[in-house]
Amino acid sequence: MTKSLLLCLALLVPAAGCNRRPVNASPDGAVRELVERLRLVNGDPAAAKSAFELLSKRARGNLAERAQRYSAASGKTIAPEAMIVPSRFVVRFEPQRYAAQISGNHALVEIIGLGPDDRAQVACVFEDEAWRVDLPLPALPPVQVRPGNN
């Protein structure tokens, strides 16, 4: 009887793990997880890749274009996630609460801290069956080509 009980438990444990919701099943969950992952980047390529995966297609595309331009100019190949610069994403305050307002495939997540000025809003978009953080990265200017370098 003990072997049967152990077998049942062994079969139930993996099934229980499958029921856990992904971190980006909600827009506030995606933002919360991105904040946590960005804290870990500090030059760690695996942490940068982990944070990169939570970004929208638009944000990932922007970083990929930046990486491609850097690689072309420097002669060194750089991964798009390496364009995430830790000093660019400094946490201004300690988040206490996350509140999402969802409108169709878009959401606005408000991050709320302890102080009256401790607030930030982060846009999200629902893509590929998950919520992604849509960071507002500046558009890149067109590549300028010198005359005669076609």
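**Exercise 1. The two sides of a helix**

Task: In helix α3 (residues 45-52) of this predicted model, find which residues are buried, and work out why they lie on the same side of α3.

Solution: Begin with the list, in which A47, A48, A51 and F52 of α3 are buried. These residues cover an arc of only 140 degrees around the axis, which puts them on the same side of α3. The spacing fits a general rule: an α-helix has 3.6 residues a turn, so residues three or four places apart point the same way. Next, turn to the face directed away from the buried side, where the exposed residues P45 and A46 are found. Then ask what lies over the buried residues of α3; the cover includes α2 (27-40) and α4 (57-74). Finally, look at the start of α3, where a side-chain oxygen of D44 comes to within 3.1 Å of the backbone nitrogen of A46.

**Exercise 2. An acidic residue and its surroundings**

Task: Decide whether D134 is buried or exposed, and find which side chains are joined to D134 by polar contacts.

Solution: First locate D134, which is placed in the segment after β4 (130-133). The cut-off for a buried residue is under 20% relative accessible area, so D134, at 16% relative accessibility, counts as buried. Leaving aside neighbours within four places in sequence, D134 is in contact with S56, R58, A59, A123, C124 and V125. Two of these deserve a closer look: the side chains of D134 and S56 are joined by a polar contact of 2.6 Å, and a polar contact of 2.8 Å joins the side chains of D134 and R58.

**Exercise 3. Strands and the nonpolar core**

Task: Describe how β2 (106-112), β3 (119-127) and β4 are arranged, and which elements supply the largest nonpolar core.

Solution: Start with β2 and β3, which pair in the antiparallel sense over seven bridges and are joined by a hairpin through six residues; I111 stands opposite A120 in β3. Continue with β3 and β4, which also pair in the antiparallel sense, over four bridges, with A130 of β4 as the bridge partner of E127. Their hairpin has two residues between the strands, and D128 takes a positive phi near 50 degrees there.

Now consider the core of 25 residues, in which V31, L34, L55, I84, C124 and V133 touch the most other members. At least two residues each come from α2, α3, α4, β2, β3 and β4, while α2 gives the largest share, five residues. As a last step, take V133, whose contacts beyond four places in sequence include V31, L34, L55 and C124.

Notes. Residues numbered from 1 in each chain as written. Predicted model: local features only at pLDDT ≥ 70, side-chain atom pairs only at ≥ 80, totals over all residues. Heavy atoms only, no water. Buried < 20%, exposed > 50% of the residue type's maximum accessible area, 1.4 Å probe, protein only. Arc of directions from axis to C-beta. Contact = heavy atoms within 4.5 Å. Polar contact = N/O pair within 3.5 Å; in protein donor to acceptor, adjacent residues only side chain to side chain. Core = buried A, V, L, I, M, F, W, Y, C linked by side-chain atoms within 4.5 Å. Pairing = 2+ DSSP bridges.
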